[in-house]
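This report describes a single protein model for a reader who works with coordinates. It starts with overall figures and goes on to a sheet, its helices, the salt bridges and a surface patch.

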Amino acid sequence: MAETSRPRQLSLRRQLLLWLLLPQLVLWLAAAMLAHAMAVRYTNEVIDQTLAQTSRALARQVKPFGNGFYVDFPRAAREILEEDPSDRVYYMVSSPPSAFLLGEPTMPPPPHELVAKAGNSYFYNASMKGQDVRVAALYLLAGTPEQPQLMLVQVAKSRALSAELTRKILLDMGLPLLGLMLLTSLLVWAGISRGLSPLRRLRRVVENRSPRDMAPIEVNNAPAEVRTLTAAINSLLEEVNRQVEQQRRFIGDAAHQLRTPLAGLKSQTELVKAELQGHTPDIPRACRQLEQVETSVARSIHLVNQLLALARAEPETGLQRSLLDLNQLTREVTAEAVPRALARGLDLGLDSGDEKMPVLGHAGLLRELLANLLDNAIQYTPAGGEITVELHRQHKQLRLAVRDNGPGIAAAERDKVFQRFYRVNHQPGGKGCGLGLAIVQEIARRHHTRVELSDNIPHGLCASLLFKPENSTEKSDK
């Protein structure tokens with residue numbers, strides 16, 4: 001199956017330019033449209049005012065005469081109106097519905113929906129002689145009271161001059177706006193470049209840094225956001241450095257711990273081989289040496305299992321948690337440890353009751369936790385001793401404890417025993433590898449709790465943990 005290509009992500013610079021310049025362009029276009037509308041409006045108002053004045057001046061030249069009208073319109077006045085062919089003013093005086101008196105007979109009539117009222121001027125757009133014109137219509141009431149007459153004075157002017165005036169206004173307004181937009185865009189680009197320069201410096205510092213260099217990154221004169229990012233990176237570097245050092249120590253300690261049983265195993269197998277190859281092999285002695293080999297193998301296997309358990313408990317590994325019955329799990333792990341306790345002559349008991357105790361956790365890790373606590377108690381409790389596993393509700397929590405009447409651990413060493421490969425010197429046997437309690441504490445941390453060590457009365461050790469009970473459905477924590 002072919003790998004799908006991921007969509008290309010815009011850089012931060014381009015995103016900032018897009019989010020800053022795109023609204024600016026939209027606003028500029030809106031301003032241009034508004035400016036055009038205003039230019040058309042004001043131009044029409046000027047033209048309409050001129051046409052209204054002309055129509056009223058022309059109307060004053062028309063005087064009633066008997067049952068008709070007398071038009072006193074000198075030739076000089078007509079020549080003034082018709083002087084400029086490119087900006088000619090057309091006029092017509094008529095008495096509706098069809099009495100033409102003076103002017104241009106092809107003047108377009110007012111719209112049919114127009115409700116005329118004497119003394120008012122009306123404006124409309126029309127077409128005349130192949131060109132668009134703006135027309136002003138003025139209705140006047142004339143005649144006698146017995147025979148009233150309605151007179152219509154129309155004055156029209158080409159809209160070409162209005163369009164030219166509108167274009168000039170737009171140019172006079174639009175060119176400065178365009179220059180202002182270009183200047184603003186240049187300033188925005190320069191501002192973004194300057195604002196992102198600390199990030200570029202930080203990128204160069206990180207790119208030129210050696211992978212082994214975990215020293216904190218230092219940035220001077222940087223904005224607060226870059227300082228916050230640098231602080232987060234430094235915190236991450238510090239944590240990575242701590243983890244690397246911890247893993248380095250762990251690998252060194254693990255190699256040292258494995259070297260000893262493997263070297264002993266090699267020596268013992270060489271002794272067994274030499275014994276069996278002799279002229280008179282001592283079979284009982286070879287058997288004792290093979291028993292030591294078996295012990296070394298068991299110790300090595302135990303150490304490897306402990307190392308694997310510790311690796312599974314590391315925070316870097318994913319943890320899938322689910323709802324489980326801690327009481328049932330405790331019963332099962334305790335039952336599995338009974339044969340080992342009986343083999344050492346110990347009395348292992350359980351005090352938990354029959355109540356279900358649901359918790360949210362990882363069943364495998366919790367089994368490992370309790371098994372390690374029991375292994376420690378079984379290993380260091382003398383024969384004839386007692387070990388008790390307790391699980392009870394304590395206030396709003398569940399308390400799991402393992403008690404024994406062994407030698408216990410001194411208060412001064414209780415924090416140290418959780419360190420990896422640390423072993424208490426006075427404990428008999430010395431078969432442990434110093435990882436059991438470290439594994440227990442790591443698993444406890446993964447379940448948001450911790451192991452508490454205290455004295456068991458009258459003597460011995462008590463290791464206890466507190467868990468939060470759960471009644472919810474299955475959850476996960478990855």
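The text below takes up these topics in that order.

The model is predicted: local features need pLDDT of at least 70 and side-chain atom pairs count only at pLDDT 80 or more, while totals for chains, interfaces and linings use all residues. Residues are numbered from 1 along each chain as its sequence is written, and side-chain values use heavy atoms, with hydrogens and water left out.

**Overall figures**

The protein has eight helices and 14 strands; both are DSSP runs numbered from the N terminus, helices being H or I with at least four residues and strands E with at least two. Of its 478 residues, 35% are buried. Buried means under 20% relative accessible area, exposed means over 50%, and partly exposed lies in between (1.4 Å probe, protein chains only). The accessible surface is about 29600 Å², and 57% of that belongs to carbon and sulfur atoms; such areas come from the Shrake-Rupley method with a 1.4 Å probe, and for residues only the protein chains shown count as cover. Among contacts (heavy atoms within 4.5 Å) with a separation of 6 or more, 64% are between residues 24 or more positions apart.

**The five-stranded sheet**

Five strands form an open sheet in the order β9-β11-β12-β14-β13, with mixed pairing. Two strands pair if DSSP finds at least two bridges between them. At the edges are β9 (347-351) and β13 (452-455), each of which pairs on one side only. From one strand to the next, the twist averages 20°. Strand β13 runs antiparallel to β14 (residues 461-467), and four bridges join the two. One residue with a bridge partner in β14 is S454, which is matched with C462.

Two helices lie across β9, β11, β12 and β14. Helix α6 (residues 326-343) does so at about 170° to β9, whereas helix α7 (residues 363-380) runs at about 25° to β12. Axes are lines fitted to C-alpha atoms, for helices over the stretch in contact, and angles run from 0 to 180 degrees between N-to-C directions.

**Salt bridges**

The whole structure holds 13 salt bridges, each defined as a side-chain nitrogen of Lys or Arg within 4 Å of a carboxyl oxygen of Asp or Glu. Three of the pairs are listed here.

| Pair | N to O distance |
|---|---|
| R134 and D48 | 2.8 Å |
| D354 and R331 | 3.1 Å |
| E452 and R450 | 2.4 Å |

R134 lies in strand β6 (residues 131-143) and D48 in helix α1 (residues 12-59), so this pair ties together parts that are 86 residues apart in sequence. Both R134 and D48 are buried.

D354 sits in the loop between β9 and β10 (358-361) and R331 in helix α6, so their pair ties together parts 23 residues apart in sequence. D354 is exposed, at 75% relative accessibility, and R331 is partly exposed at 33%.

In the third pair, E452 is partly exposed at 39% relative accessibility, and R450 is partly exposed at 44%. Elsewhere, E332, E336 and R367 are linked in a network of salt bridges.

**A nonpolar patch**

L10, L18, W19, L22, L25, V26 and L29 make a nonpolar surface patch of about 680 Å². Patches are made of residues with over 30% relative accessible area and no salt bridge, like charges being joined within 9 Å and nonpolar side chains (Val, Leu, Ile, Met, Phe, Trp, Tyr) within 5 Å. L22 is found in helix α1 and is partly exposed at 44% relative accessibility.
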